[in-house]
Every structure is written in C-alpha cells, then in structure tokens.
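Here is a short set of exercises to work through with the viewer open. Try each task before you read its solution.

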Amino acid sequence: MERDVNSLSGEEYFEGKLCSDAESLSQGDKDYDDILELNQFDGLPHSSRFYKLLKERKELPVWKAKCEFMDTLAKGRFVVVSGSAQSGRSSQIPQWCAEFCLSARFRHGMVVCTQVDTQQAVDLALRVADEMDVNIGQEVGYSIPLESCCTNDSVLRYCTDDMLLREMMSDPLLEHYGVVVVDQAHQRTVATDVLQGLLKDVALQRPELRVVLLTSDEPGPKQMAHFTGAAAPLIRLESPGAGEVIYSSTGDGYFCSALRLVLEIHRCEGEGDVVVFLVTAQEIDLAHDILSHEGQSSPPDLGELVPVAVHPGQPGNLPIQADEETGRTRRVFLTSSPNEDFFWAVYNPRIRTNSAITQPISTGQAESRKQLAGPTGKCFCLYPEDRQLPAEARPHIMESDITSTVLFLKRMEIAGLGHCDFIDRPDPGGLMQALEELDYLAALDNDGNLSEMGIIMSEFPLKPQMAKTLLASCEFDCVREVVIIAAMLTEATQCHLKFQHPEGDHFTLINIFKAFKKSQVDPHCSVEKWCQDSFLNHTSLLMADALRVELLDTLKRIELPVSMPAFGSRRNTFNVKRALLAGFFMQVARDVDGSGNYFIMTHKHVAQIHPLSGYGARSPKLGLPDWVLFHEHSFSEDNCLRTATHITPEEFIQMAPQYFFYNLPPSESKDILQNILNHSHCREETPSPSQETPQEDQTSDRCVVHPCPLVSPPQQWSSLINEVQGQFASPCSSIWCRYSSVTAGRSRCQDPLKNHHYEELFSQAKQLCTLRVDIV
C-alpha cells in the first residue's frame, strides 16, 4: 500500500495496477483491496462516500473498458470513445486521464474536458469532484463564461469549448494541459470543429499531448482520420439497450403530430414524463399554450398535464415533481436542441440571418434518441420506419455565421498557429461574407491580416459588431452606457413596456439595468420579488451585471478610456447612437410605406418590428420611426427586427463608411441617402463660419473610428489578379487573405468608375475562392 506509484511510468502503472482493477472487478471483488487508503490527489484518507460511489461507478458500462482505454492512452496520442449518454463516458474517462497525468507527475500538464453546454460543465465538475473525493474548485474545477471555479493547480477542469478557445489566445500550444478531452464531439458545433482543427496543429508541435474524443455515436470517416490521416483507435462502449420504438405511419407535419401524440400518451399511457423536441422558440411557446389549454379540459382522472418550456441557452428552473398525495402529474418538456435534432438554424450570408429548415436526422442521431428513452421508456419517431436517413449530419461550421470564428483564427495567426485544418471546410460564401464584414469593421488591414483595431476587438467576449461599438464608445465618451447595452443584449434582450425609453429599445435596456441596480441598493426592496413583479429574469440580469464588470475590466486592462456616466443628456443620447452605428451600420432599415414594413438596406428584404419592441404592435404610443438600427433579424421565426432604435439618415451617413455605402444595392432608400450626402458635400464646399467647427468634428470622429487606407492604384489591378491566381496554384494557398485584400481595395474605392474595375477583380477572386477553400 505504501508503494510510490508516482515513480512508475505511464505504461507500467496502467498495465500493472489498472488492469488488475479490471481483473478484480470480474472476480466480484468487494473489499477494494486495490484502492489506496489515501486519496492519491490530495493525500487525505478516503471518506465512506467514496467507496459508496465507487460501487455505483463500477456498474457503469464504461467501467468494463477501463483497462483497454488506459492501455490505448498510454501507447497512443489519440483515442476515440463512442458510447451512449448513460454509459458514464463524460464523468469516468476524464478521471482516468487525471490518473494518467498523475502517473507522470504532471510533467506534461493537467487535464481539461470541454463541454458544449455551460450547465453540463458545472454539473459534471460537481459530480466528478464528489466521486474523486476532493473539493470542488481545488483538485477539480470548472470554467464557464463569467464564472471560474478552479485554480492553476486543478488536476481536472471542465469548461465550455469556446472558453478553451479563448484560453488558446494566451496559451496557443495548451502547455498547461497534458490531456485534452473533447466531449460531445459528435455534435460538430463550430467551436468544437475549430478546436479539433487547432488541436491537430498543436499535437504536431507537442508530441506528448494526448487528445481524447468522446462521442455518443461512432464518428464518420473524416473525423476518425482527422488527426493522423488513418483511423484513430476507437473504443466502443456497451449500450444499456433501448426501449420500445414506435414509428409514425403517416409522416405528417411534425408540430401538429407531436402535440397530438403528447395528448394521446397522456390519455393512454402510464405514468412518466415526455420530452418533445421542436424547431424554434416560437414553436415552443405556441406548444406550451396549446397543451396548457388542452390540459385544463382533460378529464381529472388522467392527472394533471404540465407543459414546461425549456429554451436552450436561457436560464430557468424546472418545476419540482408534485408529491404523490396531490395526484398524478405528467410533465411535458418542450425544447429545441440545434446540436442533435432534425433541424438546423442555417445562416444565410446573403441576408445575414438564420433560416430554420427541417431535414432528417442522421442514423447516429436517431440511435442516440432511442438510447435516451432507456430500456424501460418509449421512443416515438415522427417518421415511417422505412425512411432513409442520412449517414451523417451536416457540421454547423458549414451553415453558421463564422464572422467571430474568422476573427479568432486571425488572432491565432498572430499567436503562432497559422493553420486550422478543418474536418469539413466552411461554406465559401459564408467565409467571404465574414471577411468582408470584418473589413467593413476595420478589423483587417489591406493585406487581409488583423489590424490593430481587430486585435483589440478579439479581446472582448462579444461578436465583432458589438466589440466595434464598444471601442467606438471610448471615442464618443459613452462607455458606461454602451457597456450596459452590450451586457443586456448578450444576456437579457427582451424589452418591457414600463421601462420604455423614447429613443428606442437599446436605451430601454439601460433603463431596465439601472432600475435593477437601484433595487439592489434599496434595503426595503427584495430584488427577486422586484424582478418577478416587473416580469424580468433575475438570473439573466445578474449575468448581465457580471458581463458588464468583465467588459469594464477588459477596457481598463488594455488602457482604453472609460468615461463617466451621463445617461439622460441629449449629447449622451447622440453619442450612444453614434457608437451603435459604428458597429451596426450594416443593420439599418427604413419604413417604406409608413405602416411598419421596414426595408433592410443590405439585402433588400422587408421585415416588421417585433411586437414586444417599444415600436411594436403592443406598444403603439412611441409611433413608428422612419429609420431604425436593429440588433437582430429573426427571419426563421417571425421575420421581425428585434431591439430597434430610432436613427436619422444623417446619423447613418455620418457613421457608415463610404466604401460600405457605395456597395449597397440600388434602392429608393439609398437614393434618399445619396441626396442627403450630395447636399452635405455642397454645404462643405461653401461652409459658413458657424458650420466649420461641427463639420471638422464629424470628420475627425469618423476618421478615428473608421480608418480608410489608400486604395491600390489602377496599374496594380492586373498584378493583383496574377497574384491571386499564383496563390491558387500553390500547395498551401492563402487565397482567402488575398481575397480580403482584393475586397478591401474594391470596397474602399469611392470612384464609381474605379469601383467597376474592382468589381471585375472581385468576381475573378470569388470564382477562384469557390474552387478551393484554404485558411492559412
């Protein structure tokens, strides 16, 4: 018992002690003779709960594969483990990786395990700390957005995949870790795919690094061969077995079929809860209203039908199961899971918004759904049994807005990781749109590299447009107000009538936050009750406050000026709008007929303002503004503009870069703006003494926020074309950087005649980019 296991090498330790664990398990050992009396991670004696949980852990399907996994991890650098959600892979395998690192005295680092969902990272960390008999936040911890419960000496850390990506900005080779466990790799989110692409380059520079992929279904050939070019070692875990599977005979529309099926289950089936997967948040709310109405009219002897709306990514508490004395209760959980279900929120780069489309789930996802029901449950499939399902689901990176991802990859080039080898390359149109948008935001220089402003933008955990808005607020002395808007838009976007501000929804968010902070300092006010009475989410407001503090700390860390609050003054209102336009000039719309039909400038689409907005149908007192700046266009749900604020066309012309304005498609709205711009040029040619100073101030502000480098001279156009073609022929193409340079010159050209030539160059570059997609 006193043998120093730290003196053993990884292979000696695992082939000796750990394999003997599996042998003793097969012999039914109940005395735990092979377990150290002292905890190997903190040196303290094990508690009685440790042995109780250990007995439960040995009943998990994953435990039978422990010896095989440890042997594979000791001999190879990459391991893939495939098992269902009930197999215990997410909790046990990271612990075994911690034992592997312990055997090497952590010479190569600790263990990090990524999760897609924030709450799941926290729950797993708490569970694993309990099983390892250590303190949460010490030997085992977690790191999620706005919250960190770990130390530099934590042996095992759970985190979200995007948090690990942000960590790579300061530690590109992940030298703090010896094993990286990528859980839920089958979901193929954008962050997970980017992480796997970068890990391939990191593993080449760090041969001692171990990478473990955990999936619920067997990965496809591309993912299996991603790291080494050949299939990585795969360990398949035993499945606990699926229950009864019932297929639909009609294949009708999923929404009505799902609700009819829920009511039929409530009438005919025994006790048990029901989970229904829908597409959009609007469908979740609609299904909740319908089932609530139907539940009230159902016979009392069937028990109570309680629909529960669970919106992914939004905080909330699930209802507690009613006691048996109150009668039978069936909960119906209504949710949407874009990671594993039969729909995708597909991003359309042309209109810069998501469009939800339905498509069949893959065979692996279908099998996972059956496993979720368990051996005693039932899985109702809303499609016929003979339906041919695709073998794999499409990766999110091919159908998502990747502007933030491209900004991050440009930052990683500076950090030394110049190549991200994607399993599946991004959509060319989406990638070009991302580069063009970053160029409009002045995040790229003429060579397609990250500019100084782009480097600062990448420091903030915000989307590029909001990051640019925050930087502009430093120039316009309205940082405190814009920081509140950024935090509230990220965590709590719904506006409420009692807090309405006459200037628009962005200012309403400031009103809500200031009222929340006032209630916190009021000794006679219960903050939770105040939020409940005001129909506000207390948890969301707390998270917004935490994000506000983090953004202010980041601004101070990079030594940017933070102005004093001046909310309510006319000058402050004007400056806040200018800061918003500095980042969101691409999201401006005009009311074309005076009835609320807003024409979006960038892609000629018509939408309406959301009913809950201050300008919406439920709040007609503010009236409809002619021009609005909006935060989001929810095309897939209700074709509405969310979080809108009134602006004037003069404000838009002042803040929008001219190279963006001239590239807008022709429209009546653009003609109106052009006329205003022409009149302003005429006034500039013959300025009066009273007008000279304001005009100079506007020009100064604009140049600081939107630097406009010189365009390439006409004689260089042919050389640029040859350069793009030459890069296309090279083995390691940097055509996207060259495309960005072409786009920069094209978009910044203010001469219509020269712009025509740039259009020709752009079309040739685009044609080449469509043929080959490489990021270097």
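**Exercise 1: A buried arginine and its partner**

Arg331 has a relative accessible area of 15%, so this residue counts as buried. Keep in mind as you go that the model is predicted.

Task: Find which side chain meets Arg331 in a salt bridge, and work out where the two partners lie.

Solution:
- Start with the pairing. The side chains of Arg331 and Asp273 form a salt bridge, with 2.9 Å from N to O.
- Next, place the two residues. Asp273 sits in the loop between α9 (254-268) and β10 (274-277) while Arg331 belongs to strand β12 (residues 329-335), so the bridge ties together parts that are 58 residues apart in sequence.
- Then look at the cover. Buried means under 20% relative accessible area, and Arg331 meets this cut-off at 15%. Asp273, at 37%, is partly exposed.

**Exercise 2: Two more long-range bridges**

Task: For the salt bridge of Arg188 and that of Arg49, name the acidic partner and decide whether each residue is buried or partly exposed.

Solution:
- Take Arg188 to begin with. Its partner is Asp424, and the closest N and O atoms of the pair are 2.7 Å apart.
- This pair links distant parts of the chain: Asp424 is in the loop between α12 (403-415) and α13 (428-440), and Arg188 is in the loop between β6 (177-182) and α7 (190-205), 236 residues apart.
- Now check accessibility. Asp424 counts as buried because its relative accessibility is 12%, and Arg188 counts as buried at 7%.
- Turn to Arg49. The side chain of Arg49 meets that of Asp130 in a salt bridge of 2.7 Å, N to O.
- Here, too, distant parts of the chain are linked: Arg49 is in helix α2 (residues 48-57) and Asp130 in helix α5 (residues 118-132), 81 residues apart.
- Both ends can be classified from their values: Arg49 is partly exposed at 38% relative accessibility, and Asp130 is partly exposed at 26%.

**Exercise 3: From pairs to a network**

Task: How many salt bridges are counted, and which residues are linked with Arg57 in a network?

Solution:
- The count comes to 24 salt bridges.
- Arg57 shares a network of salt bridges with Glu56, Arg127 and Glu131.

**Exercise 4: The surroundings of Leu174**

Task: Determine where Leu174 lies, whether this residue is buried or exposed, and which residues it touches.

Solution:
- Locate the residue: Leu174 is in the loop between α6 (161-167) and β6.
- Read off its cover: at 0% relative accessibility, Leu174 counts as buried.
- List the contacts, leaving out residues up to four places away in sequence: Leu174 touches Leu164, Met168, Val180, Leu199 and Arg206.
- Compare sequence with space: Leu174 and Gly109 are 65 residues apart in sequence, with their C-alpha atoms 8.8 Å apart.

**Exercise 5: Helix α3 and the whole chain**

Task: Which residues of α3 are buried, and what share of the chain's residues count as buried?

Solution:
- Helix α3 (residues 66-75) is mostly covered, with seven of its ten residues buried. They are Lys66, Cys67, Phe69, Met70, Thr72, Leu73 and Ala74.
- Across the chain, 53% of the 776 residues count as buried.
- The chain exposes about 34900 Å², and carbon and sulfur atoms supply 51% of that area.
- Its secondary structure comes to 27 helices and 20 strands.
- Finish with the contacts: among those between residues at least 6 apart in sequence, 74% join residues at least 24 apart.

Notes
Residues numbered from 1 in each chain as written. Predicted model: local features only at pLDDT ≥ 70, side-chain atom pairs only at ≥ 80, totals over all residues. Heavy atoms only, no water. Salt bridge = Lys/Arg side-chain N within 4 Å of Asp/Glu carboxyl O. Helix = DSSP H or I, 4+ residues; strand = E, 2+ residues; numbered from the N terminus. Buried < 20%, exposed > 50% of the residue type's maximum accessible area, 1.4 Å probe, protein only. Contact = heavy atoms within 4.5 Å. Areas by Shrake-Rupley, 256 points an atom, 1.4 Å probe, with all protein chains shown as cover.
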